[in-house]
Amino acid sequence: MSLYGLVICGGESTRMGTDKSLLVYYQKPQHEHVADLLAPLCERVILSCNAEQYKTFRTAYPKLADLPKYSGAGPMSGLLTAFESFPGNDFLVAGCDYPYLTTNELANFLHNTDKDLPAAAFYNASGFYEPLLGWYSRSASNALWKAFENGSRSLQRFLIGEHAGKYRPLSEKTMLSVDTTADFQAIKRALEAENDF
């Protein structure tokens, strides 16, 4: 069973005002950093991009632009495109806007995921899945496609409907996402302070 890593880069980043996948916390663009986190756990890591990112990203990792037929569905577009482009594989998915994500946390997630389920994802204290920190088995692809065909564009609703596994991370910080410039600057300062010790 092959596990592929999928870095979701294609969001519009409207609140941030700039592409979140290009933010730098660790000496390289975040899409590269997240891909590096996935690489030890996956047979292959792919960057899921929108059309503009596909043209402009300079990276050693393979890039995958959303297929036009799935466009406009947010992160679901990237996952459906990945399942169609690389059939027969499971996907470990990570978004670009989680600066505290670690390979260790992802490894623990995989270790504690029931592989008989169609999918699993990180689960927060508010009772919601984090769909962009998730594992989607090859068996989930048909159900995901049917959800899309029925007009659903929500991975959250998909995970609920599939009774996906729930993973509470070792550190709640892992699920802290960055959506504004102020968030980015505050977390960058905090990371720099931690690295000074």
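Helices and strands are taken here as DSSP runs, numbered from the N terminus, with at least four residues required for a helix and at least two for a strand. In this predicted model, His163 is found in the loop between α6 and β7, the latter spanning residues 165-167. The backbone of His163 has a positive phi of about 50 degrees, although this residue is not a glycine. With a relative accessibility of 64%, His163 counts as exposed, because the threshold for that class is over 50%.

A second residue with a positive phi is Gln27, which is likewise not a glycine and whose phi is near 65 degrees. Gln27 is placed in the loop that runs between β1 (3-8) and α1 (30-38), and at 74% relative accessibility it counts as exposed. The loop between β1 and α1 also holds Thr18, which, at 40% relative accessibility, counts as partly exposed. From C-alpha to C-alpha, Thr18 lies 27 Å from Tyr123 in space, while the two are 105 residues apart in sequence.

The cysteines were examined next. A search of the whole structure finds zero disulfides. Cys9 takes part in no disulfide, and the nearest cysteine sulfur, which belongs to Cys96, is 3.9 Å away; because a disulfide requires two cysteine sulfur atoms within 2.5 Å, a separation of 3.9 Å does not meet the cut-off. Cys49 is also in no disulfide, the nearest cysteine sulfur being that of Cys9, at 5.0 Å. Both cysteines are enclosed: Cys9 is buried, with a relative accessible area of 3%, and Cys49 is buried, with a relative accessible area of 0%.

Cys9 also appears in a record, since an unreviewed UniProt entry lists Ile8, Cys9, Gly10, Lys20, Asp66 and Asp97 under "binding site". Such annotations may be inferred rather than shown by experiment. Two of the listed residues, Asp66 and Asp97, can be described through their surroundings in the model. Asp66 is placed in the loop between β3 (63-65) and α3, where it is partly exposed, with a relative accessible area of 24%. When neighbours within four places in sequence are left aside, Asp66 is in contact with Ser48, Cys49, Ser77, Gly78 and Thr81. Asp97 is found in the loop between β4 (90-95) and α4 (103-111), and at 14% relative accessibility it counts as buried. With neighbours within four places in sequence again left aside, the contacts of Asp97 are Lys20, Leu176, Ser177, Val178 and Asp179; one of these, Lys20, is itself listed in the UniProt "binding site" annotation.

Helix α3, which covers residues 75-85, is largely enclosed by the rest of the structure, because eight of its 11 residues are buried. These buried residues are Met76, Ser77, Gly78, Leu79, Leu80, Thr81, Ala82 and Phe83, and among them Ser77, Gly78 and Thr81 are in contact with Asp66. Two others, Met76 and Leu80, are in contact with Phe148, a residue of helix α5 (residues 141-149). Phe148 is itself buried, with a relative accessible area of 8%. Beyond its neighbours within four places in sequence, the contacts of Phe148 also include Lys69, Tyr70, Ala73 and Arg153. Phe148 and Pro87, by comparison, are 61 residues apart in sequence and lie 17 Å apart in space, taken from C-alpha to C-alpha.

The second largest pocket holds about 180 Å³ of space. The residues that line this pocket are Pro75, Tyr98, Asn124, Phe128, Tyr129, Glu130, Pro131, Leu132, Leu155 and Gln156. Two elements, β6 (129-136) and α6 (155-161), give two or more residues to this lining, and the largest share, four residues, comes from β6. Sorted by class, the lining of the second largest pocket has seven nonpolar residues, two polar residues and one charged residue. Pro75, one of the lining residues, belongs to helix α3, whose range is residues 75-85.

Technical notes: Residues numbered from 1 in each chain as written. Predicted model: local features only at pLDDT ≥ 70, side-chain atom pairs only at ≥ 80, totals over all residues. Heavy atoms only, no water. Buried < 20%, exposed > 50% of the residue type's maximum accessible area, 1.4 Å probe, protein only. 1 Å grid on protein atoms, 1.4 Å probe; cavity = no way out; pocket = protein on both sides within 12 Å on 5 of 7 lines; lining within 4 Å. Points joined across faces, edges and corners; volume = space filled by probe spheres on them. Nonpolar A, V, L, I, M, F, W, Y, C, P; charged D, E, K, R; others polar. Contact = heavy atoms within 4.5 Å.
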